Amino acid sequence: AAARAEAGLAETSPKDLVDWRIVLGPELVFELAYLPAGEVLLGSLPEERAWAAKLSAVAPANEGQQPVRAVLKYGFWMSRTEVPLAVFEAFTNVTHYVTEAEQTATALAWHTGTRAWRPRPEVSWRTPGYPAPVQANFPVTGVSWHDAVAFCQWLTAREREARRLPPDEEYRLPTEAEWEYAC
């Protein structure tokens with residue numbers, strides 16, 4: 001705590017709490033949950049791959065014959081939910097960021113007829129093509145990996161500048177092992 005005070009940082013860090021809230025505005029709150037170190041099985045059993053193959057026209061990736069045990073030596077933080085549209089919009093409003101789908105006028109969207117992801121020029125994170133009216137708390141869709149990384153970099157810079165995030169910590173996308181462990 002003394003080192004944090006000397007650096008001009010808040011007394012607590014995400015590691016000190018079970019839950020962490022990032023407040024971006026009066027109605028814009030991004031919640032994170034802490035997951036302690038642990039183990040996870042990566043991959044699927046043959047029965048699970050067969051079940052998944054029946055649901056999709058896309059064959060499951062070659063994962064090997066059996067799941068593999070992975071050890072996560074360190075705890076980490078993960079968002080409790082997908083990034084809400086309103087939070088992503090705050091990012092684009094401040095930075096004037098233009099997503100890859102907006103640049104190319106093409107995003108991938110699920111096509112029920114072919115049961116596959118297809119490019120749809122009318123779809124972007126701003127116009128996701130939901131069957132219901134879009135709400136601010138809906139998850140952002142139609143963003144690429146690069147778009148998500150740009151969001152994380154912005155959030156990291158914003159929180160460091162406000163002295164709410166230490167210089168040695170960052171917001172980033174989870175690894176595959178972290179994602180499966182969280183699930």
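Which strand gives the most to the lining of the second largest pocket? Strand 6 does, with four residues. The model is predicted. The protein has six helices and seven strands, and 31% of its 183 residues count as buried. Two pockets, one strand pairing and two helices are taken up below.

**Overall build**

- From the N terminus on, the order of elements is α-β-β-β-α-β-β-α-α-β-β-α-α.
- Contacts often span long stretches of chain: among those between residues at least 6 apart in sequence, 62% join residues at least 24 apart.
- The accessible surface comes to about 12000 Å². Carbon and sulfur atoms account for 57% of that surface.

**Largest pocket**

- Rolling a probe the size of a water molecule over the atoms shows where empty space is left.
- The largest pocket has a volume of about 1200 Å³.
- Its lining counts 35 residues, and Met78, Ser79, Arg172, Leu173 and Pro174 are the closest to the pocket centre.
- Four elements each supply at least two lining residues: strand 2 (28–35), strand 5 (76–79), helix 5 (145–161) and helix 6 (176–182).
- Helix 5 gives the most to this lining, with five residues.
- By class, the lining of the largest pocket holds 22 nonpolar, five polar and eight charged residues.

**Second largest pocket**

- The second largest pocket has a volume of about 370 Å³.
- Of its 19 lining residues, Leu108, Ala109, Trp117, Thr141 and Gly142 are the closest to the centre.
- Helix 4 (100–104), strand 6 (107–111) and strand 7 (116–120) are the elements that give two or more residues to this lining.
- The lining of the second largest pocket divides into 10 nonpolar, six polar and three charged residues.

**Strands 2 and 5**

- Strand 2 and strand 5 pair in the antiparallel sense, over four bridges.
- Leucine 35 stands opposite phenylalanine 76 of strand 5.
- Side chains alternate along strand 5. Phe76 and Met78 point to one face and are buried. Trp77 and Ser79 point to the other face and are not buried.
- Strand 5 thus brings two neighbours to the largest pocket: Met78 and Ser79 are among the residues closest to its centre, yet Met78 is buried and Ser79 is not.

**Helix 3**

- Helix 3 covers residues 85–95, and its buried residues are Leu85, Ala86, Val87, Phe88, Ala90, Phe91 and Thr92.
- An α-helix has 3.6 residues a turn, so residues three or four places apart point the same way.
- Cover for the buried residues of helix 3 includes strand 1 (19–25), strand 2 and helix 5.
- Histidine 96 follows helix 3 and has a positive phi, near 60°.

**Threonine 156 and helix 5**

- Threonine 156 is found in helix 5.
- Why does threonine 156 count as buried? Its relative accessible area is 8%, and buried means under 20%.
- Leaving aside neighbours within four places in sequence, threonine 156 is in contact with Leu165, Glu169, Glu170 and Tyr171.
- Helix 5 thus appears in two other roles here: it supplies five residues to the lining of the largest pocket, and it is among the elements that cover the buried residues of helix 3.

Terms used: Residues are numbered from 1 along each chain as its sequence is written. This is a predicted model: local features need pLDDT of at least 70, side-chain atom pairs count only at pLDDT 80 or more; totals for chains, interfaces and linings use all residues. Side-chain values use heavy atoms; hydrogens and water are left out. On a 1 Å grid over the protein atoms alone, a cavity is a set of points where a 1.4 Å probe fits but cannot get out, and a pocket is an open set with protein on both sides within 12 Å along at least five of seven lines; lining residues have an atom within 4 Å of a point. Grid points are joined across faces, edges and corners, and a volume is the space filled by probe spheres set on the points. Ala, Val, Leu, Ile, Met, Phe, Trp, Tyr, Cys and Pro count as nonpolar, Asp, Glu, Lys and Arg as charged, and the others, Gly among them, as polar. Buried means under 20% relative accessible area, exposed over 50%, partly exposed in between (1.4 Å probe, protein chains only). Contact means heavy atoms within 4.5 Å. Accessible areas come from the Shrake-Rupley method with a 1.4 Å probe; for residues, only the protein chains shown count as cover. Two strands pair if DSSP finds at least two bridges between them.
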